[in-house]
Amino acid sequence: MIRELYSKMACRDYGKDRISREVKEEIAGLLKEREEKTGGCTCGKCQDDLYLIASAAEESGFVKGFQFAFRLFAESIQE
């Protein structure tokens with residue numbers, strides 16, 4: 001249920017990309033740095049993998065943060 005909420009919020013906030021602007025900028029910087037080190041362009045698969053990892057990490061962070069906030073709220077109303 002929390003993942004569905006994240007998906008809806010991500011689509012609303014980020015559009016079809018489901019990834020934030022900040023993360024896109026970070027990935028672009030990493031790819032540029034790698035390109036400069038290797039002296040050529042980076043493969044598309046590498047870029048796709050980075051976006052998949054970043055997307056999964058954002059979703060996981062949202063879920064864990066939501067769960068933590070809910071526990072904190074539940075504890076605060078018990079006392």
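**Figure 1. Contacts across the sequence in a predicted model of the protein chain.** In this predicted model, 61% of the contacts between residues at least 6 apart in sequence join residues at least 24 apart. The secondary structure of the protein chain comprises 3 helices and 0 strands, and the elements follow the order α-α-α from the N terminus. Of the 79 residues, 16% count as buried. The chain exposes about 6,300 Å², of which carbon and sulfur atoms supply 58%.

**Figure 2. Close-up of the salt bridge between Arg3 and Glu59.** A search of the whole structure finds 1 salt bridge. Arg3 and Glu59 form a salt bridge in which the closest N and O atoms are 3.1 Å apart. This pair links distant parts of the chain, with Arg3 in helix α1 (residues 2-14) and Glu59 in helix α3 (residues 44-78), 56 residues apart. Arg3 has a relative accessible area of 46% and is therefore partly exposed. Glu59, by contrast, is buried, with a relative accessible area of 16%, a value under the 20% limit for buried residues.

**Figure 3. Close-up of the packing of helices α2 and α3.** Two packed helices are described by the angle between their axes and by the distance between those axes. Helix α2 (residues 21-38) packs with α3 at an angle of about 145°, and the axes lie 11 Å apart. The crossing of these two helices, α2 and α3, is right-handed.

**Figure 4. Close-up of the residues that meet between α2 and α3.** From α2, the residues in contact are Val23, Lys24, Ile27, Leu31 and Arg34. From α3, they are Cys46, Gln47, Leu50, Tyr51, Ala54 and Glu58. Classified by residue type, the contact of α2 with α3 has 7 nonpolar, 1 polar and 3 charged residues.

**Figure 5. Close-up of Leu50 in helix α3.** Leu50 lies in helix α3 and is in contact with Ile27 and Leu31, when its neighbours within four places in sequence are left aside. Both Ile27 and Leu31 belong to the set of α2 residues that meet α3. Leu50 has a relative accessible area of 25% and is therefore partly exposed; the limit for a buried residue is under 20%. The C-alpha atoms of Leu50 and Ala28 are separated by 9.8 Å, and the two residues are 22 residues apart along the chain.

**Figure 6. Close-up of Glu26 in helix α2.** Glu26 lies in helix α2. At 52% relative accessibility, Glu26 counts as exposed, because the limit for that class is over 50%. The C-alpha atoms of Glu26 and Ala54 are separated by 9.8 Å, with their positions 28 residues apart along the chain taken as the separation. Ala54 is one of the α3 residues that meet α2.

Technical notes: Residues numbered from 1 in each chain as written. Predicted model: local features only at pLDDT ≥ 70, side-chain atom pairs only at ≥ 80, totals over all residues. Heavy atoms only, no water. Helix = DSSP H or I, 4+ residues; strand = E, 2+ residues; numbered from the N terminus. Buried < 20%, exposed > 50% of the residue type's maximum accessible area, 1.4 Å probe, protein only. Contact = heavy atoms within 4.5 Å. Areas by Shrake-Rupley, 256 points an atom, 1.4 Å probe, with all protein chains shown as cover. Salt bridge = Lys/Arg side-chain N within 4 Å of Asp/Glu carboxyl O. Axes fitted to C-alpha atoms, helices over the stretch in contact; angles between N-to-C directions. Left-handed = near helix turned anticlockwise from the far one by under 90°. Nonpolar A, V, L, I, M, F, W, Y, C, P; charged D, E, K, R; others polar.
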